[in-house]
Amino acid sequence: MKVLVLPGDGIGPEITAATLEVLERANALFGLGLEWRREEIGLPSLRSEGTTLPPRVLDAARSAAGTILGPLATYDYPAREQGGFNPSAEFRTKLDLYANIRPAKSRLGTGLTGKPVDLVIYRENTEGFYADRNMHQGLGEFMPTEDMALSVRRVTAKCCERIARRAFEAAMARRRKLTAVHKANVFRISDGLWLREVRKVAAEFPEVRLEEVIVDAMAALLLRDPMRFDVIVAENMYGDILSDEASELSGGLGLGGSINAGDSHCLAQAQHGSAPDIAGRNVANPASLILSAAMLLEWLAARNGRQALGAAAKAIESAVDAALRDPGTRTADLGGKLGTREFARAVTAKLG
């Protein structure tokens, strides 16, 4: 079973190497039979090949069992016509990775506000206001004049229905409560369509309690009472913003796993950015990418019916939690003294 590994930019190579160290140990302990194929993307491939996403890499992702993607410095990329493609957006649309799944869990005991957090956000990943993925051809943003910019949002019944279904399935395995986020009081047509499809799916899951919350109220309620929520489903932009808020409340973006999943492909990706200011210094916290890789193993276990993959995923998450509970095995951003490589070794040791 081959996994494509794309280190990316900034701290990407460091945290990817740390993640692979943990995965190699799990691979040996659980007999997973995983193999790695490494390719360069982002700024390294731009320098060597004139593009941030060589075509062969997308082909490799299509044929791989799964992909691990390091952080990307997309702000530093040139325009698309000069080779500056956003690999994350390309993967999401070309591989139809329609579900961005982001758990937020207080791994240090309590969250930023002193209250525990344990929820998961299912974010629609392929349409909405994101200009690079909402049109068949061209971009969803344009300027009729130099002083006027317009942006088009795409919302389809198909995409609303399938992300809602994945979220309800997740709620059945958790506390059987689902919160649908919207702004239908303003976007009566587009968010009205969103709610219509969510309610249709809800009728098939009578065991799950559905609540509907306006997005601005949702941002406030997350701060006030995060344990009120279990599974949250949202369109692309709302989910992007709320998942960052939830992760910060639970302890920080550096502790949040994330996958981009479809029916046939899955990509593990840390929630945070490339942090070029600390690149190459062995101080970056690799926990987010390690946890994301564990989520990839869990997705592969469900898709392939292999219990060993699921057991390895749980063991990696438990090992990360054990390392984080001990102040002596935390990274500097969490008040500890370990570097990137040393934290990976600590997690690997706790795997057995």
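Modeller: Before we go through it, a residue is called buried under 20% relative accessible area, exposed over 50%, and partly exposed in between, with a 1.4 Å probe and protein chains only. This is a predicted model, in which local features need pLDDT of at least 70 and side-chain atom pairs count only at pLDDT 80 or more, while totals for chains, interfaces and linings use all residues. Residues are numbered from 1 along each chain as its sequence is written, and side-chain values use heavy atoms, with hydrogens and water left out.

Colleague: OK, start with helix H7, then. Which of its residues are buried?

Modeller: In H7, which covers residues 215-224, the buried ones are Val-215, Met-218, Leu-221 and Leu-222. Looking down the H7 axis, these residues fall within an arc of 110°, so they line one face of the helix; the arc is taken from the directions from the helix axis to the C-beta atoms. Helices (H or I, at least four residues) and strands (E, at least two) are DSSP runs, numbered from the N terminus.

Colleague: And what do the buried residues of H7 pack against?

Modeller: They pack against four strands, E5 (118-124), E8 (177-182), E9 (209-214) and E10 (231-234), and also against helix H8 (236-250).

Colleague: Let's stay with E5. How many of its seven residues are buried?

Modeller: Six of the seven are buried, which leaves E5 mostly covered. On the pairing side, E4 (residues 99-105) and E5 run antiparallel and are joined by seven bridges, whereas E5 and E10 run parallel and are joined by four; two strands count as paired if DSSP finds at least two bridges between them.

Colleague: Which residue stands opposite Tyr-122?

Modeller: Ile-101 stands opposite Tyr-122 in E5, and on the E10 side the bridge partner of Arg-123 is Ala-234.

Colleague: Is Tyr-122 buried or exposed, then?

Modeller: Tyr-122 is buried, because its relative accessible area is 11%. Leaving aside neighbours within four places in sequence, its contacts (heavy atoms within 4.5 Å) include Asn-100, Ile-101, Ile-163, Arg-166, Val-233 and Ala-234.

Colleague: Switching to E12. Which residues are on its two sides?

Modeller: Cys-266 and Ala-268 are on one side of E12 and Leu-267 and Gln-269 on the other, and as all of them are buried, both faces are covered. E12 pairs with E3 (residues 66-69) in the parallel sense over three bridges, with Thr-67 and Leu-267 as bridge partners. E11 (residues 259-261) also pairs with E12 over three bridges, but in the antiparallel sense; there, Ile-259 has Ala-268 as its bridge partner, and a hairpin of four residues joins E11 to E12.

Colleague: Where is Ala-275, and what about its phi?

Modeller: Ala-275 lies in the loop between E12 (266-269) and helix H9 (287-304), and has a positive phi of about 40° although it is not a glycine. Arg-176, in the loop between helix H5 (157-172) and E8, has a phi near 60°, again a positive value in a residue other than glycine.

Colleague: Now charges. How many salt bridges does the structure hold?

Modeller: It holds 30, a salt bridge being a side-chain nitrogen of Lys or Arg within 4 Å of a carboxyl oxygen of Asp or Glu. One of them joins Glu-90 and Lys-94, at 2.8 Å from N to O; because they are four residues apart in helix H4 (residues 87-94), about one helical turn separates them. Glu-90 is buried at 8% relative accessible area, whereas Lys-94, at 44%, counts as partly exposed. Elsewhere, salt bridges that share partners join Arg-37, Glu-39, Glu-49 and Arg-56 into one network.

Colleague: In that network, how far apart are the closest N and O atoms of Arg-56 and Glu-49?

Modeller: They are 2.7 Å apart, and both residues are partly exposed, Arg-56 with a relative accessible area of 35% and Glu-49 with 40%.

Colleague: Last one: what makes the nonpolar surface patch?

Modeller: Met-135, Phe-142, Met-148, Leu-150 and Val-152 make a patch of about 390 Å². Patches are built from residues with over 30% relative accessible area and no salt bridge, joining like charges within 9 Å and nonpolar side chains (Val, Leu, Ile, Met, Phe, Trp, Tyr) within 5 Å, and the areas come from the Shrake-Rupley method. Met-148 is in strand E7 (residues 148-151) and, at 39% relative accessibility, counts as partly exposed.

Notes: Accessible areas come from the Shrake-Rupley method with a 1.4 Å probe; for residues, only the protein chains shown count as cover.
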